[in-house]
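Let's take a friendly walk through a protein structure, starting with its nonpolar core and moving on to its charged pairs.

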Amino acid sequence: MAEYWLQVSEPGHAKRVVTVDSRMEVGRDCHGILLEDPTVSRRHLTLEPTPAGLVLVDLGSANGTIVDGRRVEGPVALHAGDVIRLGETELVVYEGHATSSATDGEALAIDPHDRVSEQVRNLRAR
């Protein structure tokens with residue numbers, strides 16, 4: 001499943017990055033991403049990673065939520081690069097995928113005396 005994070009740009013504060021790895025609320029008084037923007041509702045919206053993507057739901061906020069210039073009317077599936085505006089705050093969505101080692105966590109056996117460039121030259125000489 002994809003991994004999501006947000007770049008939070010809130011007036012009067014340095015930009016920050018927040019990982020969204022489970023359902024969380026965004027607002028001025030919630031359990032999740034806390035904002036100090038007075039134009040944001042106490043419990044403004046929720047974000048939830050799902051197999052279909054990161055889903056945003058406005059919680060009936062007073063000033064509404066805008067995604068890429070359009071007012072949110074119901075659940076919205078977000079994608080990398082989407083810009084969420086709530087009040088004077090902007091959230092930008094980033095998406096990545098977990099990677100795993102080709103050896104599934106096993107240590108690679110590397111001989112420090114092997115010279116890869118020499119081995120490549122030998123292959124070319126054949």
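What follows covers the core and then the salt bridges.

This is a predicted model, in which local features need pLDDT of at least 70, side-chain atom pairs count only at pLDDT 80 or more, and totals for chains, interfaces and linings use all residues. Residues are numbered from 1 along each chain as its sequence is written, and side-chain values use heavy atoms, with hydrogens and water left out.

The largest nonpolar core (buried Ala, Val, Leu, Ile, Met, Phe, Trp, Tyr and Cys residues joined through side-chain atoms within 4.5 Å) has 22 residues. Leu47, Leu56, Leu78, Ile84 and Leu86 have the most contacts inside it. Among the elements that give two or more residues are strand 5 (45–50) and strand 6 (53–58), while strand 1 gives the most, with four residues. Strands are DSSP E runs of at least two residues, numbered from the N terminus. Leu56 touches (heavy atoms within 4.5 Å) residues including Leu45, Val67, Leu78 and Ile84, leaving aside those up to four places away in sequence.

Now for the charges: there are four salt bridges, each a side-chain nitrogen of Lys or Arg within 4 Å of a carboxyl oxygen of Asp or Glu. The table includes three of them.

| Pair | Closest N and O atoms |
|---|---|
| Arg16 and Glu10 | 3.6 Å |
| Arg43 and Glu25 | 2.6 Å |
| Asp29 and Arg42 | 3.6 Å |

Arg43 lies in the loop between strand 4 (32–34) and strand 5 and Glu25 in strand 3, so their pairing ties together parts 18 residues apart in sequence. Glu25 is buried (under 20% relative accessible area; exposed is over 50%, partly exposed in between, with a 1.4 Å probe and protein chains only) at 10%, whereas Arg43 is partly exposed at 44%.
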